[in-house]
Amino acid sequence: MRSVVYVLLGLVVASSARRGVREWELENLARNAKGEISDAELGIMNLKNAMQDPSLLKDMAETLRQPEGRGELVKMMANPKFHAQAKSAADNMRAHGISANFLNPASYARKQGSSKTLQTLLLALNPVAASRSNAAPRTGNADMSALDELIELAESTPGPVQYWDPLGLSEMDFWGAGNDATIGFLRHAEIKHGRVAMAGFVGYCLHENGIRWPFPLSSSLPDYSSFEGLSAPDVWDATPLAARLQIIAVIGFFEFWSEWSGALEAAGMTHHMNGGKPGQFPAFTFLPLPLFDPFGFTADLSEEELATKRLREVQNGRLAMIGLFSLISEARVPGAVPALAGLIKPYDGEVMGPFSAADAGLPGVSSMLEGIKDIFPWLK
């Protein structure tokens, strides 16, 4: 709901700047100046009046159609002062129990007798939500679309940022599979990358602090002396090629298994792009214990408790992705993260490249390195 408050408040203010202030706006401003209503209440009252004013809605829709109008809106929404005021308005509505449907675009578009101007505005604000509003009313969470579930999940997530999608990825259609499938793909990818980042962040910290396994990596590496003094990204480059290929092969197998319909069906799961649960991983049928929770610590938890743990996993994954890239950024460009200055060993390679010139014997590596010279000129 808060994100809709931001957009509508921005449109009201931007449109007012283009066509002048209306009488009800002057009255509300006068009451605000006298201290009769707060800034948050002023914003709510202006929104209510704006939604009843067809000519203002027409101006707002026209504003969205013009590049300069959209630019004004983006500039205003980026203003920290405006952001704080809009947040205050949303919090005040929630504190006073004002229904979220007041600012639900779909509910406005669904109303009988709604003006074409209002529907046009809603389409400009959120074409996916507005077009879905003409469908049959939803009867429960089981009937919610993936976008509805995504917004509901974001709005229920603790923290200052709720539903925020500046690139509009949640409204796209990847590979022609549909919007629901696209959101399933994005949510699964986020969880998967968050898990990798959590492991990577811990591993990075362990290496930088000289913590090693108590056993040799292989017969050719009886100790860890060859890794001493290296940054964590350098360890990958210093690992024998055969070991790196094994790691890539294992990761590839995990990817195959998590996408294979046979494994999913055997575990009673549905693919995450076909309505399945994002982040799920089918058990290995050839192992006596499941890879996830082999000792059954979560077996007796209720669905609500599991949902809370899944939410925590997403939040920790997001934090880990930020944390890991802060470590990598400081290693690649010393001083890039002032808080880590002097604490991280430098690295002059390419963190996103699994192979370097030392691996030119592998098929395709030489061509790959030659092709990226213009893109990454700092690579040797």
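A salt bridge here is a side-chain nitrogen of Lys or Arg within 4 Å of a carboxyl oxygen of Asp or Glu. The exercises below use a predicted model.

**Exercise 1. Decide what the contact of Asp 359 and Arg 244 is, and place both residues.**

Step 1. Take the distance. The side chains of Asp 359 and Arg 244 come to 2.9 Å, N to O. The cut-off is 4 Å. The pair is a salt bridge.

Step 2. Place the partners. Asp 359 sits in the loop between H15 and helix H16 (365-371), and Arg 244 sits in helix H13. They are 115 residues apart, and the pair links distant parts of the chain.

Step 3. Check the cover. Buried means under 20% relative accessible area. Asp 359 has 4%, so it counts as buried. Arg 244 is also at 4% and is therefore buried.

**Exercise 2. How many salt bridges does a search of the whole structure find? Work through two that involve helix H11.**

Step 1. The search finds seven salt bridges.

Step 2. Take Arg 318 and Glu 190. Their side chains meet at 2.5 Å, N to O. Arg 318 is in helix H15 and Glu 190 in helix H11, so this salt bridge ties together parts 128 residues apart in sequence.

Step 3. Classify both ends. Arg 318 is partly exposed at 38%. Glu 190 is partly exposed at 27%.

Step 4. Take Lys 192 and Glu 255. Their salt bridge is 3.1 Å, N to O. Lys 192 belongs to helix H11 and Glu 255 to helix H13, 63 residues apart.

Step 5. Classify again. Lys 192 has a relative accessible area of 25% and is partly exposed. Glu 255 is partly exposed at 33%.

**Exercise 3. Locate Arg 195 and list its contacts beyond four places in sequence.**

Step 1. Start with the record. UniProt, in an unreviewed entry, gives Arg 195 the feature "binding site".

Step 2. Find the element. Arg 195 lies in helix H11 (residues 179-208). Its relative accessible area is 34%, so it is partly exposed.

Step 3. List the contacts. Leaving aside neighbours within four places, Arg 195 touches Gly 279 and Glu 313.

Step 4. Follow Glu 313. This residue is in helix H15 (residues 303-332). Its relative accessible area of 24% makes it partly exposed. With the same neighbours left aside, Glu 313 is in contact with Ile 191, Arg 195 and Met 198.

Step 5. Return to the record. The UniProt annotation "binding site" (unreviewed entry) also covers Glu 313, along with Trp 164, Ser 170, Glu 190, His 193, Asn 316 and Arg 318.

Step 6. Compare one loop position. Trp 164 is in the loop between H10 and H11. At 66% relative accessibility, Trp 164 counts as exposed.

**Exercise 4. Count the aromatic pairs and sort two of them by geometry.**

Step 1. The search of the whole structure gives 16 aromatic pairs.

Step 2. Take Phe 174 and Phe 185. Their centres are 6.1 Å apart and their planes make 70°. Planes over 60 degrees apart count as edge-to-face. The pair is edge-to-face.

Step 3. Place the rings. Phe 174 is in the loop between helix H10 (146-155) and H11, and Phe 185 is in helix H11, so the pair joins parts eleven residues apart in sequence. Phe 174 is buried at 18%. Phe 185 is partly exposed at 29%.

Step 4. Take Trp 213 and Phe 215. Here the centres are 5.5 Å apart and the planes make 25°. The cut-off for stacked is under 30 degrees. The pair is stacked.

Step 5. Classify both. Trp 213 is exposed at 58%. Phe 215 is partly exposed at 46%.

**Exercise 5. Which residues make the nonpolar surface patch, and where is Trp 260?**

Step 1. List the patch. Val 250, Phe 253, Phe 254, Phe 256, Trp 260, Phe 286, Leu 287 and Leu 291 make a patch of about 750 Å².

Step 2. Place Trp 260. It is in the loop between helix H13 (241-259) and helix H14 (261-266). Trp 260 is partly exposed at 38%.

Step 3. Look at the ring pairs. They link Phe 253, Phe 254, Phe 256, Trp 257, Trp 260, Phe 281 and Phe 284 into a cluster.

**Exercise 6. Summarise the whole chain: how many helices and strands are there?**

Step 1. The chain has 16 helices and zero strands.

Step 2. Buried residues are 34% of the 380 residues.

Step 3. The accessible surface is about 22600 Å², with 62% belonging to carbon and sulfur atoms.

Step 4. Of contacts between residues at least 6 apart in sequence, 57% join residues at least 24 apart.

Conventions: Residues are numbered from 1 along each chain as its sequence is written. This is a predicted model: local features need pLDDT of at least 70, side-chain atom pairs count only at pLDDT 80 or more; totals for chains, interfaces and linings use all residues. Side-chain values use heavy atoms; hydrogens and water are left out. Patches are made of residues with over 30% relative accessible area and no salt bridge: like charges are joined within 9 Å, nonpolar side chains (Val, Leu, Ile, Met, Phe, Trp, Tyr) within 5 Å. Accessible areas come from the Shrake-Rupley method with a 1.4 Å probe; for residues, only the protein chains shown count as cover. Helices (H or I, at least four residues) and strands (E, at least two) are DSSP runs, numbered from the N terminus. Buried means under 20% relative accessible area, exposed over 50%, partly exposed in between (1.4 Å probe, protein chains only). UniProt positions are given in the numbering used here, feature names are shortened, and annotations may be inferred rather than shown by experiment. Contact means heavy atoms within 4.5 Å. Rings of Phe, Tyr and Trp (its six-membered ring) pair if their centres lie within 6.5 Å; planes under 30 degrees apart count as stacked, over 60 as edge-to-face and the rest as tilted.
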